[in-house]
Amino acid sequence: MYVKTFYLRAKTCLTLLLVALCSLPSFADVTLDQLEFTLNNDGTGYTVRKKEGATLEGALTIPEIYNGLPITEIGISAFYGCKKITEIVIPNSVTSIGNGAFDSCSSLSKINIPNSVTSIGDWAFGVCTSLSEINIPNS
């Protein structure tokens, strides 16, 4: 009797533990559906920014291609105030980073800017208080 009761209690506790663990928020990287893409005026590429209302956290990898065209710009204030972004990967298709693009991303610690980037706007990385590694091309 004692063994059966112990087994049932242990099984119940394990089930409750699994339910609790499955209910915890996940800390996944930024996904494509959290981003917004706007066709540039010349129709040859897209500008990327965070989708209105999206909460971004973890690593942000900007895709190189969207709808068959390159992502060429990171918009003005595109990711302003995204306090939980920790790392940014920018593809070689990007040529411009807008003013304040990553301003106030206080958890951002690492970014590599590819050689394709020829313009970085004012305050693009303002108030990024955790930024400890940034690689900027010679151009």
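Biologist: In which strand is the place of Ile120?

Modeller: This is a predicted model. Ile120 falls within residues 119-120. Those residues form strand E9.

Biologist: Is Ile120 buried, partly exposed or exposed?

Modeller: Buried means under 20% relative accessible area, and exposed means over 50%. Ile120 has a relative accessible area of 38%. That value lies between the two cut-offs, so Ile120 is partly exposed.

Biologist: Which residues make the nonpolar surface patch of about 250 Å²?

Modeller: Ile120 is one of them. Two other isoleucines take part as well. The patch is made by Ile120, Ile134 and Ile136.

Biologist: Now the inside. Which residues touch the most other members of the largest nonpolar core?

Modeller: In soluble globular proteins, nonpolar side chains tend to be buried together. Here the largest nonpolar core has 29 residues. Strands E1, E2, E5 and E6 each supply at least two of them. The residues with the most contacts to other members are Leu60, Ile74, Phe79, Ile97, Phe102 and Phe125.

Biologist: Is Asn40 buried or exposed?

Modeller: Asn40 sits in the loop between E1 and E2. Its contacts include Tyr46 and Thr72. The relative accessible area of Asn40 is 13%, and the cut-off for buried is under 20%, so Asn40 is buried.

Biologist: What is the phi of Asn67 near?

Modeller: Asn67 lies in the loop between E4 and E5. Asn67 is exposed, at 59% relative accessible area. Its phi is positive, although Asn67 is a residue other than glycine. The value is near 50 degrees.

Conventions
Residues are numbered from 1 along each chain as its sequence is written. This is a predicted model: local features need pLDDT of at least 70, side-chain atom pairs count only at pLDDT 80 or more; totals for chains, interfaces and linings use all residues. Side-chain values use heavy atoms; hydrogens and water are left out. A nonpolar core is a set of buried Ala, Val, Leu, Ile, Met, Phe, Trp, Tyr and Cys residues joined through side-chain atoms within 4.5 Å. Buried means under 20% relative accessible area, exposed over 50%, partly exposed in between (1.4 Å probe, protein chains only). Helices (H or I, at least four residues) and strands (E, at least two) are DSSP runs, numbered from the N terminus. Patches are made of residues with over 30% relative accessible area and no salt bridge: like charges are joined within 9 Å, nonpolar side chains (Val, Leu, Ile, Met, Phe, Trp, Tyr) within 5 Å. Accessible areas come from the Shrake-Rupley method with a 1.4 Å probe; for residues, only the protein chains shown count as cover. A salt bridge is a side-chain nitrogen of Lys or Arg within 4 Å of a carboxyl oxygen of Asp or Glu. Contact means heavy atoms within 4.5 Å. Lists of a residue's contacts leave out its neighbours within four places in sequence.
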